[in-house]
Amino acid sequence: MSRFRRIGFRVANIVPILLIVSLLAFLLGALTPGDPVEAQFASRFPAEQLAEIRATYGLDRPLWEQYFVWLKNLLVDGGGLSLTLGTPVFDILVPNFVNTLILTAAGAVVCVVVGTSIGLLAGIFHGTWIDRTVMLLVQIGSNLSVYWFGLVLISVFALQLRWLPVGGMESRGGGGLADLLQHLVLPAVSAALISMLVLARFVRIGVIRERSSDWFRTFLSQGIPTRKLYGKNVFRNILPSVVNVTGLEIGTLITGVFFVEIVFNWPGIGTQLVNAVNGKDYPVIQGGIVLVALCYLLVNLITDLIVDGLNPRLKGA
């Protein structure tokens, strides 16, 4: 199969997956006990106006028809209207989603840089006390809660040492890029915790495997410096695995970001969805689920394409 056909096949696969996600997201709101219109407006409007509001949102129609009305709103009309704010759902979600993507990107950078460094350190010094110490810390860190870890970071680096801000996305009055980066450090490290430790394990295994290979022992016996072997050969050979694992861990990273946003008061989509759940704003919840699913699928698609590009066996295919 040629590269272009593989790309087309993967892109085409996104459509049925998104349809399934949209159906599940719709049923999550439609089949949840309770009337969202009554929950929002019963104390303010009489029954006649409540019926009009239900008609506005299409909630007076059969369930199957509601789904297609909601799907049309999702594709054409900005996701429909929020029950609490009365504005298009995507007008609410997209600005918050951009903030979530900023935090996710920062977490991905921390994941790759720190996770790869830890894995290389453990792999290069495999079998020594350095390897054992690093892997003990990795094992401990893997069992920590992102939520709890975020609170610890705030307590140590924000409240006690006062090196970094407690939370939020910017200081009062704003402070430009430098201010944003300061606010990103703690939540990015917290969000990346689990993913970077998973990546560290894979990198360590890859380094150990390359060190045990025939080519490594042959080049080493020829007097080629170990540093050169690691820099030019070992890391290049494990790079596709690093990219692949990072892409797969984006889902974990996004999930971690949702919890981190609450801890650090980050104005992202996770915070917005929590507010929507508390307010029973089902259109916002449903739109958020679809938006996150689309992002996850696109990240996996991009990851697959990058891994294909790094695989010499697929070049020119």
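Which helices each supply at least two residues of the lining of the largest pocket? In this predicted model, the helices that do so are α1, α3 (47-56), α4 and α13. The paragraphs below approach that pocket by way of the overall fold, the aromatic residues and the nonpolar core.

The protein chain contains 13 helices and zero strands. Its pattern along the sequence is accordingly written α-α-α-α-α-α-α-α-α-α-α-α-α. The C-alpha trace spans about 85 × 60 × 35 Å along its principal axes. Of the 317 residues in the protein chain, 41% are buried. Among the contacts with a separation of 6 or more, 73% are between residues 24 or more positions apart.

One such link between separate parts of the sequence can be followed through the aromatic residues. A pair of aromatic rings is described by the distance of the centres and the angle of the planes. The structure holds five aromatic pairs. One of them joins F26 and Y67, whose ring centres are 5.4 Å apart and whose planes meet at 65 degrees, an edge-to-face arrangement. Because F26 belongs to helix α1 (residues 3-30) and Y67 to helix α4 (residues 63-75), this pair ties together parts that are 41 residues apart in sequence. Both partners are shielded: F26 has a relative accessibility of 5% and counts as buried, and Y67, with a relative accessible area of 10%, is buried as well.

Another pair, formed by F157 and W163, is tilted, with 6.0 Å from centre to centre and 45 degrees between the planes. Here F157 counts as partly exposed at 28% relative accessibility, whereas W163 is exposed, its relative accessible area being 58%.

Returning to F26 and Y67, ring pairs link these two residues with F68 and W70 into a cluster. W70 leads in turn to a polar residue, Q286, which lies in helix α13 (residues 282-310). The side chains of Q286 and W70 are joined by a polar contact of 3.2 Å. Q286 counts as buried, because its relative accessibility of 6% falls under the 20% limit for that class. Leaving aside residues up to four places away in sequence, Q286 touches A25, F26, G29, A30 and W70. Two members of the aromatic cluster, F26 and W70, are therefore among the residues that Q286 touches.

In soluble globular proteins, nonpolar side chains tend to be buried together. In this model the largest nonpolar core has 63 residues, and those with the most contacts inside it are W70, L93, L103 and I269. For L103, the residues touched, again not counting those up to four places away in sequence, are L184, P187, A188, V257, V260, E261 and W266.

What is the volume of the largest pocket? Rolling a probe the size of a water molecule over the atoms shows where empty space is left. The largest pocket has a volume of about 490 Å³. Its lining consists of 24 residues, and Y57, G58, L59, W70 and P283 lie nearest its centre. Helix α4 provides the largest share of this lining, five residues. W70 thus appears in several parts of this account: it belongs to the aromatic cluster, its side chain makes the polar contact with Q286, it is named among the core residues with the most contacts, and it is one of the residues nearest the centre of the largest pocket.

Key
Residues numbered from 1 in each chain as written. Predicted model: local features only at pLDDT ≥ 70, side-chain atom pairs only at ≥ 80, totals over all residues. Heavy atoms only, no water. Phe/Tyr/Trp six-rings, centres within 6.5 Å; stacked < 30°, edge-to-face > 60°. Helix = DSSP H or I, 4+ residues; strand = E, 2+ residues; numbered from the N terminus. Buried < 20%, exposed > 50% of the residue type's maximum accessible area, 1.4 Å probe, protein only. Polar contact = N/O pair within 3.5 Å; in protein donor to acceptor, adjacent residues only side chain to side chain. Contact = heavy atoms within 4.5 Å. Core = buried A, V, L, I, M, F, W, Y, C linked by side-chain atoms within 4.5 Å. 1 Å grid on protein atoms, 1.4 Å probe; cavity = no way out; pocket = protein on both sides within 12 Å on 5 of 7 lines; lining within 4 Å. Points joined across faces, edges and corners; volume = space filled by probe spheres on them.
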